[in-house]
There are 2 protein chains.
Amino acid sequence: MSIAVVNKNAKRGSTVKPDQESTSPPGLSSVKVAPRDRIVTSACELFRQHGIRGIGVDAIAEAASTNKMTLYRHFGSKDDLVCETLRVTSEKSGAMWADIETRFSDNANAQLGAWVTALSDCLQRDQFGCDIANAAVELKEAGHPAHAVIETFKILQRKKLTDLCRRTGIEEPETLADTLLLLLEGARVSRQASGLEGPAQCFQRACRNTLTAFGVGTS
Amino acid sequence: MSIAVVNKNAKRGSTVKPDQESTSPPGLSSVKVAPRDRIVTSACELFRQHGIRGIGVDAIAEAASTNKMTLYRHFGSKDDLVCETLRVTSEKSGAMWADIETRFSDNANAQLGAWVTALSDCLQRDQFGCDIANAAVELKEAGHPAHAVIETFKILQRKKLTDLCRRTGIEEPETLADTLLLLLEGARVSRQASGLEGPAQCFQRACRNTLTAFGVGTS
DNA sequence: CATGGGTGTGACCGTTCGGTAACAAATGAC
DNA sequence: GTCATTTGTTACCGAACGGTCACACCCATG
């Protein structure tokens, strides 16, 4: 699971030290994750659960089983940490794309179908939507460093989907890609506002209808 | 010490008082808006521009040309004020629906077309998306009083659009309504993350395509 | 003129926030 | 073992936050 989300056990005088990992068979124990990585992992999770403005650096450090000082040695500011978590999240999205491409190599239609399925599954599982879009909603200040990361990711995501749509040979790949992106973004935010029984439940069907309307058969 | 966070005009000793309204021809002056209404108006605007967590009650009171004490006499807490602004925003949405119904009475297809046009125009104008959905993204704490307001609005919005779709006589009004809602929600959040040149620019076309695919002609 | 309700004012409270200083402890390479 | 780098710990800072207090004020109603 996760590393103690809200460090209840704390009580600084815990005398024994090895509380790093909950399940730690002595000897080979676990992989010994570096503090920096633990911080990023915890930050990703807590930002997602509470929002960027809804969680403090103290809580993040504690969840990462470290302290604020170490956090600030690796990240000059909370904003820096925010940017790093967004970058990591972007990379995870890249991994999904790679997986789809390897599983359905050279079949654009099947890849589009797999994209819809993957995101639909993700929608069922994750109630907090797209971290990148959520960050854009939350951080409205002009010139916030996260904006560059958000823009980079969104441009890349759009380019990937447009290219994929183009490879199906249809007439308006840009329109299809943008339509699918609107449906996805809408489903993810609608799930947060109205739950799974709201309009979000229609996401997969809406995507299939759209693909059909554009002449893309996903077999 | 300094109470005023963004104390722009302030200068408490402004000697002359009538700075309530900028353009105030002496005599009949303006309509004399009550403090409570000024607070709600300012709060709506500031929450929209900076996010709910991004603005403090001091700044809201100051923008409303009043003070924190008066604010707390009308609203027991910041959360109460948040709920009230969401309610007011909901009512404005209701006004748009009423306008559409009066302009195209007894013509469901035309009303659907007008709905798309109105929201598309709104999308061009307003860069901050749907305040209600943004609040849902920002306020993730379970049991937050705003959730009830959000849910009420989203259910009503969905019901109105579904009923309108049903009145066109098509087969799957629920699916059409949900698809349009996903496109709308997606366009509004995408505009915040990727700007007007992003997928949001496709909103109107995607809606028209969807309407056509469902057999709804908006003439 | 008196009175009372709504309003303005500034100080204040306790908490939390992002961020830093100083020093002790652990760790790993040589 | 030595030594330098990386961590952990504790205390602290200034600022901003949500929220309250006591008191002066304005103004309409009687």
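## Ser65 in the two chains

Ser65(A) is partly exposed, because its relative accessible area is 28%. The model that shows this is predicted. Ser65(A) sits in a loop of chain A, between helix H2 (57-63) and helix H3 (68-74). In sequence, Ser65(A) and Ser42(A) are 23 residues apart. In space, their C-alpha atoms are 9.3 Å apart.

Chain B has its own Ser65. Ser65(B) lies in the loop between helix H2 (57-63) and helix H3 (68-74) of chain B. The relative accessible area of Ser65(B) is 38%, so this residue too counts as partly exposed. The backbone deserves a look here. Most residues other than glycine have a negative phi. Ser65(B) has a positive phi, near 55°, and is not a glycine.

## Another positive phi

Asp106(A) also has a positive phi, of about 60°, although it is not a glycine. Asp106(A) is in the loop between helix H4 (78-103) and helix H5 (108-125) of chain A. Is Asp106(A) buried or exposed? Asp106(A) counts as exposed, because its relative accessibility is 83%.

## The fold of chain A

Chain A has nine helices and zero strands. Its pattern along the sequence is α-α-α-α-α-α-α-α-α. Chain A holds 219 residues, and 46% of them are buried.

Contacts also reach along the chain. Take the contacts in chain A between residues at least 6 apart in sequence. Of these, 65% join residues at least 24 apart.

## A buried leucine in H3

Leu71(A) belongs to helix H3 of chain A. Its relative accessibility is 0%, so Leu71(A) counts as buried. Which residues does Leu71(A) touch, leaving out those up to four places away in sequence? They are Ile39(A), Val57(A), Ile60(A), Ala61(A) and Leu81(A). One of these partners, Val57(A), is 14 residues from Leu71(A) along the chain. The C-alpha atoms of Leu71(A) and Val57(A) are separated by 8.1 Å.

## How the two chains are related

Two copies of a chain are related by a rotation about an axis and a shift along it. Here, a turn of 180° with a shift of 0.0 Å along the axis lays chain A on chain B. The RMSD of that fit is 0.0 Å. This is therefore the relation of a two-fold axis. The same surface serves both copies, as 100% of the contact residues of chain A recur in chain B.

Which residue of chain A comes closest to the rotation axis? That residue is Gly186(A), with its C-alpha at 1.7 Å.

## The contact between A and B

The size of an interface is often given as the accessible area lost when the parts come together. Chain A and chain B bury about 3200 Å² between them. Of this area, 68% is on carbon and sulfur atoms. Three residues, Val137(A), Lys140(A) and Leu182(A), supply 21% of the area that chain A buries against chain B. No other three residues supply more. In all, 43 residues from chain A and 43 residues from chain B take part in the contact.

## Helix against helix

Two packed helices are described by the angle between their axes and the distance between the axes. Helix H8 (residues 173-194) of chain A packs against helix H6 (residues 131-138) of chain B at an angle of about 75°. Their axes are 8 Å apart. At that angle, H8(A) is therefore roughly perpendicular to H6(B).

From H8(A) come Val189(A), Gln192(A) and Ala193(A). They meet Ala133(B), Ala136(B) and Val137(B) in H6(B). The residues of this contact divide into five nonpolar, one polar and no charged.

## Two buried glutamines

Gln192(A) lies in helix H8 of chain A. Because its relative accessible area is 17%, Gln192(A) is buried. Leaving out residues up to four places away in sequence, Gln192(A) touches residues in both chains. In chain A these are Gln127(A), Phe128(A), Gly129(A) and Asn134(A). In chain B they are Ala136(B), Val137(B) and Lys140(B).

Gln157(B) lies in helix H7 (residues 146-167) of chain B. Its relative accessibility is 11%, so Gln157(B) counts as buried. Gln157(B) touches Trp97(B), Leu181(B) and Leu184(B), again not counting residues up to four places away in sequence.

Conventions: Residues numbered from 1 in each chain as written. Chains lettered and ligands numbered in written order. Predicted model: local features only at pLDDT ≥ 70, side-chain atom pairs only at ≥ 80, totals over all residues. Heavy atoms only, no water. Least-squares fit on C-alpha atoms with pLDDT ≥ 70 in both. Contact = heavy atoms within 4.5 Å. Axes fitted to C-alpha atoms, helices over the stretch in contact; angles between N-to-C directions. Helix = DSSP H or I, 4+ residues; strand = E, 2+ residues; numbered from the N terminus. Parallel < 35°, antiparallel > 145°, perpendicular 65-115°, else oblique. Nonpolar A, V, L, I, M, F, W, Y, C, P; charged D, E, K, R; others polar. Buried < 20%, exposed > 50% of the residue type's maximum accessible area, 1.4 Å probe, protein only. Buried area = accessible area lost by both parts, 1.4 Å probe.
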